[in-house]
Amino acid sequence: MLEHAYLIPLLPLAASLLILFFGKRLPLEGAFLGILAAGWGLIQSIAILVSIYVHPELLTNAGASGPFFEMSWDWFSVGFTRLEVGVLIDGMSAMMLAVVTLVSLLVQIYSVGYQHGKERFGRFFAYLSFFTAAMLILVVSNNLFQFFMGWELMGLCSYLLIGFEFERPAAAYAGRKAFITTRIGDLGFYLGLLLLFTTTGSLNFNIIGSEHLGTLAPVATLIALLLLCGTIGKSAQVPLHVWLPDAMEGPTPVSALIHAATMVAAGVFLLARFHFVFALSEMALTVTAWVGGITALGAALSALTATDIKKVLAYSTISQLGFMVLGMGVGDPTAGLFHLTTHAYFKALLFLGAGSVIHAVHTNEMPLMGGLAKKLVFTSITMGVAWLAIIGFPFTSGFYSKEAILGAVYNRHQYVLFGIAAFSAFLTTFYMTRMMILTFYGTPRDAHRFGHAHESGPSMTIPLMVLAVPSAFLGLLFHSHGLSFDKWVQLTGKAAEHTAHAAEAAAGHGGHYIVLGASLAAVSLGLVLSIAMYVFKTPDPARLAAALPGVYRLLNDRFFDPFYVKISEIFCFLPARFLSAFDYIVIDQGAVDGVGRLGGMLSRVHRWWDDVVVDGVFVNGLGWAAQKLGAGVRALQSGAAQAYLLATAVGVFALVLWAVGVFG
Amino acid sequence: MSGLFGYLLIGAILLALGIYGALARRNLLGVLIGIELIFNAANINFVALNRYLHPGQSLGQAAAIFVIALAAAEAVVGLALVLTIYRNFRTVLSENLNLLKG
């Protein structure tokens with residue numbers, strides 16, 4: 001089973017190529033190929049998960065990064081550096097495989113209904129499969145190079161899918177924005193990889209993690225911060241989060257895939273995969289934690305006033321990613337990965353549910369919805385489950401994972417960050433409840449849309465129901481069976497120490513109850529406030545917004561976008577203008593025209609030479625000389641035979657005189 | 001020797017007259033006659049020098065005969081030319097003939 005793990009990324013890759021090239025001739029334009037590939041991947045991933053749980057000895061290598069199973073093949077070599085492609089299965093990647101394949105499978109099944117009758121139906125599935133394949137390549141990668149390859153392929157796919165409806169300029173713009181913004185982060189990531197490689201001389205995670213930690217230590221801070229840049233771009237952390245709200249221009253299933261299984265998860269996975277580097281640098285961990293904390297809070301604030309249902313979800317994703325990064329930053333990658341896993345399920349569910357709502361009422365604007373619970377029964381119930389999970393309602397999956405992060409933060413004595421995280425959790429409860437109330441509760445605010453709304457078909461509702469199960473019970477499953485998530489995801493020795501230390505500290509200080517209390521308080525306060533405001537209208541949110549226009553504007557402000565526009569003006573438009581001027585003055589006028597003018601001058605010199613020397617001196621001059629000479633000599637040839645005869649006689653006479661010696 | 005000198009003198013006089021005739025006569029016939037005189041001056045020299053310097057031999061005499069034959073042929077060609085020129089230009093005066101003028 002483990003030996004054939006390479007099939008998991010390769011099958012979706014093959015499926016995407018088949019759909020791309022032969023899709024038109026296949027039923028459903030080949031969409032079933034992608035679904036089959038993801039389905040196979042899911043079965044195999046679950047089999048791997050179960051088998052490594054039942055038989056831990058299958059993970060044959062016991063490296064510093066915990067037990068793992070590794071297979072690799074040489075790809076090519078450059079000098080003495082062998083580049084390999086490989087499969088690395090450990091608890092972390094096995095868990096991610098299951099998450100990615102399940103979400104991808106459900107998103108594809110859902111898309112059959114959602115994209116029905118839309119333009120480029122087959123191509124959509126080709127892209128989805130390619131996206132999945134890229135993420136899986138990254139997840140199973142055992143070396144930096146392959147990891148980066150999957151990473152960049154995902155950047156491409158996000159561009160293709162966010163800009164899928166490229167006929168709309170906003171979608172095309174959003175695609176470009178996502179690509180370019182994440183690319184800025186990727187630059188840092190790439191530099192980090194290069195530095196990591198030049199420092200250790202190896203590309204293999206386990207070789208670096210087990211043999212080169214010593215050589216790595218002096219530059220670990222720099223490397224870790226550079227790698228963090230990649231996460232900031234890909235996982236939409238402050239300050240490069242700006243692409244994600246715009247990415248809502250993509251079709252809703254794409255949002256579900258990007259926000260749950262691929263793309264943004266990659267950034268968090270990166271932090272987990274490279275945790276052994278981060279663990280070497282206290283400073284890098286602190287920066288990571290603060291980036292995560294600020295992102296969690298800022299995005300939650302932005303979500304408060306958004307009226308577009310997908311924008312709310314987008315900001316909530318950024319906020320939850322902030323939580324995960326925060327978990328990573330306080331040195332507890334298992335907590336971060338746990339939240340990543342549970343978040344993948346409930347966020348995919350939320351997006352697919354939102355897609356179902358949008359499909360029914362043909363608008364993203366929540367002010368035009370309301371009361372939809374009556375019409376969209378399955379959608380509202382399943383989204384309700386996801387809502388409970390994301391706000392961290394007790395015994396849902398989100399409750400456990402969020403608490404794990406809060407606990408990790410608390411146990412590291414980061415009390416400011418703990419306050420930020422707890423407050424963000426409160427805000428999360430508030431805005432998610434607001435979203436649910438505005439969408440499903442109350443009286444319909446747009447009777448026409450409400451009248452035409454109807455529940456989506458089974459290809460869309462079944463994925464919702466399937467996703468509701470792990471959203472509700474995943475956390476319970478882990479806890480009720482006494483399985484700590486750590487058992488699945490064993491990380492570096494140092495990280496494990498951190499975790500053990502943290503657990504010890506928690507037990508010693510009774511911190512567990514404070515964390516639990518904070519998280520329960522956040523949920524209940526958020527619920528109460530949100531219900532009071534949006535159900536009972538006390539205080540009325542509309543009047544509140546009118547009373548505090550400054551606050552309302554501040555919450556709606558996008559802060560960074562105008563700043564980036566300025567930045568791009570400074571760094572792109574100014575150089576562009578300079579280069580344009582340079583082009584005009586130096587290249588066009590200087591070089592091109594100069595060469596032209598020089599050519600003109602040279603040809604005038606040449607013409608003078610031709611006229612005067614060649615034609616004048618040689619051609620005409622020779623003719624003239626011959627003429628003059630001829631005229632001179634012609635006088636001799638009088639034509640009078642007797643003159644010739646006289647000359648002959650004189651000549652002979654002279655010769656005779658000479659012969660007889662008259663001249664000496 | 002006085003006999004030889006006389007002949008050579010006559011030859012020289014004939015040569016001078018011949019050259020003068022060939023150069024100075026305006027009529028082409030006169031020019032031809034002058035040339036004949038030059039031939040005969042040469043003949044006298046051949047014969048006289050042979051008779052006085054190499055009495056036993058006769059090569060000089062033979063040369064004279066040869067020159068006479070040559071002169072006859074020359075006269076034929078020359079007269080034919082004069083006749084043709086006359087037919088074409090209606091004149092035999094040399095100053096009117098400058099076809100070769102460049």
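Chain B and chain A bury about 810 Å² between them, with 59% of that area on carbon and sulfur atoms. Helix α1 (residues 2-24) of chain B supplies the largest share of the side of chain B that touches chain A, namely 4 residues. By class, this side of chain B has 7 nonpolar, 3 polar and 2 charged residues. Please keep in mind that this is a predicted model.

**The interface and the confidence scores**

Let us stay with the two chains for a moment. In contact across the interface are 12 residues of chain B and 10 residues of chain A. How many salt bridges are there between chain B and chain A? The count is 0. Polar contacts do occur, with 4 residue pairs found across the interface, both partners at pLDDT 80 or more. As for confidence, the model scores ipTM 0.81 and pTM 0.73. Chain B has a mean pLDDT of 89, and 97% of its residues reach 70 or more.

**Salt bridges**

Over all chains, a search of the whole structure finds 12 salt bridges. Here are three of them, with the N to O distance for each pair.

| Residue 1 | Residue 2 | N to O distance |
|---|---|---|
| A:Lys24 | A:Glu29 | 4.0 Å |
| A:Glu167 | A:Arg120 | 2.9 Å |
| A:Asp186 | A:Arg183 | 3.8 Å |

Take the pair of A:Glu167 and A:Arg120, whose closest N and O atoms are 2.9 Å apart. A:Glu167 sits in the loop between α5 (144-162) and α6 (169-200) of chain A, and A:Arg120 in the loop between α3 (91-114) and α4 (121-140) of chain A, so this salt bridge ties together parts that are 47 residues apart in sequence.

A:Asp186 and A:Arg183, by contrast, both belong to helix α6 of chain A, where they are 3 residues apart, about one turn of the helix. An α-helix has 3.6 residues a turn, so residues three or four places apart point the same way. A:Asp186 is buried, at a relative accessible area of 2%, while A:Arg183 is partly exposed at 36%. Through shared partners, salt bridges join A:Glu152, A:Arg183, A:Asp186 and A:Lys234 into one network.

For the pair of A:Lys24 and A:Glu29, A:Lys24 is exposed, with 74% relative accessible area, and A:Glu29 counts as partly exposed at 26%.

**Buried and partly exposed places in chain A**

Why can helix α11 (residues 252-260) of chain A be called largely enclosed by the rest of the structure? Because 9 of its 9 residues are buried. Among them are A:Thr252, A:Pro253, A:Leu257 and A:His259.

A:Thr341 is another buried residue, at 2% relative accessibility; it lies in helix α16 (residues 333-361) of chain A. Between A:Thr341 and A:Ala306 there are 26 Å in space, C-alpha to C-alpha, and 35 residues in sequence.

Two loop residues round off the tour. Is A:His241 buried or exposed? At 11% relative accessibility, A:His241 counts as buried. This histidine is found in the loop between α9 (220-234) and α10 (243-246) of chain A. Leaving aside residues up to four places away in sequence, A:His241 touches A:Ala236, A:Ile318 and A:Phe560.

A:Leu368, in the loop between α16 and α17 (377-391) of chain A, is partly exposed at 30% relative accessibility. Again leaving aside residues up to four places away in sequence, A:Leu368 touches A:Thr363, A:Asp446 and A:Arg449. A:Leu368 and A:Tyr159 are 209 residues apart in sequence, and their C-alpha atoms are 30 Å apart in space.

Conventions:
Residues numbered from 1 in each chain as written. Chains lettered and ligands numbered in written order. Predicted model: local features only at pLDDT ≥ 70, side-chain atom pairs only at ≥ 80, totals over all residues. Heavy atoms only, no water. Contact = heavy atoms within 4.5 Å. Buried area = accessible area lost by both parts, 1.4 Å probe. Salt bridge = Lys/Arg side-chain N within 4 Å of Asp/Glu carboxyl O. Polar contact = N/O pair within 3.5 Å; in protein donor to acceptor, adjacent residues only side chain to side chain. Nonpolar A, V, L, I, M, F, W, Y, C, P; charged D, E, K, R; others polar. pLDDT = per-residue confidence, 0-100. Buried < 20%, exposed > 50% of the residue type's maximum accessible area, 1.4 Å probe, protein only.
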